[in-house]
Number of protein chains: 2
Amino acid sequence: MQGHDLGALRRLNTVAVLQALRAGEPLTLSRLKSATNLSRPTLELALEDLTTRGWVAEAATGEGRSPGRPARRFRFRAEAGRVAGVDIGLHKIVLTLADLAGEVRATEREDIDPAMDGADRLDFLRQRLRRFLDDHAVRAEELWAVGVGVPGLVDEAGRIRSVIVPEWTGLDLGRRLSETFGCPVIAENDVNLAAVAEHWRGAARLTDDVACVLAGRRAACGLLLGGRLHRGRRGGAGELGSLPHLGLASAHEALQWQHGDKEGESEITALVRALESDDPEAHAVLDAYAARLAPGIAALVLAVDPDLVVISGGVTPAGQWLTPRLTTHLRDLTLHVPQIAVSTLGEPGVSLGAVRTALDSVDTILDNPTGPLPSTTR
Amino acid sequence: MQGHDLGALRRLNTVAVLQALRAGEPLTLSRLKSATNLSRPTLELALEDLTTRGWVAEAATGEGRSPGRPARRFRFRAEAGRVAGVDIGLHKIVLTLADLAGEVRATEREDIDPAMDGADRLDFLRQRLRRFLDDHAVRAEELWAVGVGVPGLVDEAGRIRSVIVPEWTGLDLGRRLSETFGCPVIAENDVNLAAVAEHWRGAARLTDDVACVLAGRRAACGLLLGGRLHRGRRGGAGELGSLPHLGLASAHEALQWQHGDKEGESEITALVRALESDDPEAHAVLDAYAARLAPGIAALVLAVDPDLVVISGGVTPAGQWLTPRLTTHLRDLTLHVPQIAVSTLGEPGVSLGAVRTALDSVDTILDNPTGPLPSTTR
DNA sequence: CGGCATTATGCAAGAGTCCTGCATCATGCA
DNA sequence: TGCATGATGCAGGACTCTTGCATAATGCCG
């Protein structure tokens, strides 16, 4: 714990004003006053400072609902910068562009040849992100941070360990890309990012202890405990797939469904259609899958006792039928069955979590009380 | 995030000075200056304030090693208050008295009749704590907080759920006792407190992600993640005992050892003696126990991936033989075998963790930036 | 259309906190 | 005894926050 200077006090107060404005709607001085407990002259000075640095602008006066002189309103200049979120999996890449308020400005998805090797994949990622930024006229100095979700574990130092893209094991993807794009790039396990996203804007907004279970070809889990991502030593938290007693790794075998009538229809879509028409065989398949998933989830629930388990991944479309079955099976295995919800974000969740991680990295710049408040034009 | 006025700044700085002194040795003004980044006049004002409020006193000047005028030295008045830690189990009660620096001043242990019911047990706890405080001349206004470890889960609201003392289920022990003793009383699961204690002063001082496994008649686990206690919804984190796939609840059956020669010697003491004399049968028993413990610990390790697993509870005396066997068995079950250590605190660990929890509760009073800095004489 | 209540804004005065810098004091060493 | 070294005492100055009053702009009502 450090002592604070008068200058630090002012910086602290200025950031407090900025945070209040970032939270949402444009605010008048009166509202800022009650939000920050600061006096009006102090607020005016802080706002002037923030305005010259490009963080804040005066908004149009709101509709004059109240009597009296209309108040000026100030807003956070979300357009002052951009962050990007990338989800690079085995089969696809998803790119998301957002402003500093986290508002999504553009999204793009493209299939990848699963056979593409690690080096080509890195080049591909670089090239597509570069093109994506160019397409949306993002200048280098506008880009504040990038988050990247990868299919593998990422340790605290940023090094990857992946069985899906084995050549990336040992790679410090963040450092490599940050050299290319001239801003912080944070690599993170994709399931962890899905958990972050569900907590931010998905099914887990109301709780701070969430386990996000990826159920599909892969079985993995992201943990958000106390509102913060829990990685564990070397990023291995939630990797229950490898314990044979629980049979999580092979659970997907129970999800076979070859009854697709229509050409080109995916297995899960066909299964969902069968479920919708109350096909008893389809329900039996889903129940068997739930039964094989249950011990692994039970171990997770007993270990960390989350408020909520979010089911995401390939089975998401069948989620509404899966959750009650899962609840039934869990009742036999755990003391307390947690709430179970289906991902509301689906596939774009990972790249949205990557955006959130990038925004967190921007926040650390602002939270640092020493040094001057940065400007938006760097 | 709130704005701060000049008064809050001063309070912030004063607390920073106090924290610097709390950390350890008495400090001179120069050392405080480098520790807090504050100027000398500011430090002097803060120290005067802290002195009149009773938090700080001038210490004897250290041995004049350096040239120049000898500097005054200031120290935290740890004797300005007391906190107590209690561990009430099925078979025993342990009481610990400490000063505000966490220095232990007294400890007491007493057996309890395991058949004692919930109501009598609460009275017993009250009476023994009262007597313990009287014996050591702790006046009511000197006692700042009490921590209590109980054999059961404690939810966020402070309510207990226990199978060991079933009558306590639903009890808000903290509120009840705080009315009796006139200070905050925090109830917490005993294994959680063991984890806190090992992190504070035991085997887990160097790491912030720790699982503390209670191995003995009971099987339970306390989790400290990111340096903070992780309770989970309703305090159920780490309760892997109930999952039959892992067989943790019945593991203790493998630990039978009836070969005690000496009268009155406990089972574990006899086993340790046999291990010391390289009795192959004793080693086989321990190996079988490790094998039955391993799947549960593996599930925990895969779920949260801690840096360190601390083994505590009844088997602690045999820990040095248990840990290598456990490591061997875990190697087959997990990707990464974490470090495994034996509790260095043993049985008093829980009450020491209770002391730490009580001290944390004192800290929250100091950390609150609004309102005046409290005095030690309330 | 004009007065009134209501709310926002401009400006100055006042109080509080922190830092810098110089002179002074106390000790160890030559 | 003189000197270097580091601690202490005491202003002066700079900065920040708050309070309070006068003024400006709007909606409402007569």
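**Notes on charged side chains**

1. A good place to start is Arg121(B), which sits in helix H4 (residues 118–135) of chain B. Please keep in mind that this is a predicted model. Arg121(B) is buried but forms no salt bridge. Its nearest side chain of opposite charge belongs to Glu167(B), 6.5 Å away; a salt bridge would need a nitrogen-to-oxygen distance within 4 Å.

2. What does Arg121(B) touch, leaving aside residues up to four places away in sequence? Its contacts include Ile88(B), Leu90(B), Ile112(B), Val165(B) and Trp168(B), and also Asp113(B).

3. Elsewhere, salt bridges are counted at 47 over all chains. One of them pairs Glu58(B) with Arg72(B) at 3.7 Å, N to O. Glu58(B) belongs to strand E2 (residues 56–59) and Arg72(B) to the loop between E2 and strand E3 (73–76), so this pair ties together parts 14 residues apart in sequence. Glu58(B) is partly exposed at 44% relative accessible area, and Arg72(B) is partly exposed at 41%.

4. Glu141(B) and Arg139(B) also form a salt bridge, at 3.0 Å, N to O. Glu141(B) is partly exposed, with a relative accessible area of 40%, and Arg139(B) is partly exposed, with 47%.

5. Do look at Arg325(B) and Asp287(B), whose side chains meet in a salt bridge at 3.6 Å, N to O. This pair links helix H9 (residues 319–331), home of Arg325(B), to helix H8 (residues 280–304), home of Asp287(B), across 38 residues of chain B. Arg325(B) is partly exposed at 29%, as is Asp287(B) at 26%.

6. Finally, in chain A, salt bridges with shared partners join Arg22(A), Arg356(A), Asp360(A) and Asp363(A) into one network.

How values were computed
Residues numbered from 1 in each chain as written. Chains lettered and ligands numbered in written order. Predicted model: local features only at pLDDT ≥ 70, side-chain atom pairs only at ≥ 80, totals over all residues. Heavy atoms only, no water. Helix = DSSP H or I, 4+ residues; strand = E, 2+ residues; numbered from the N terminus. Buried < 20%, exposed > 50% of the residue type's maximum accessible area, 1.4 Å probe, protein only. Lys, Arg positive; Asp, Glu negative; His and termini not counted. Contact = heavy atoms within 4.5 Å.
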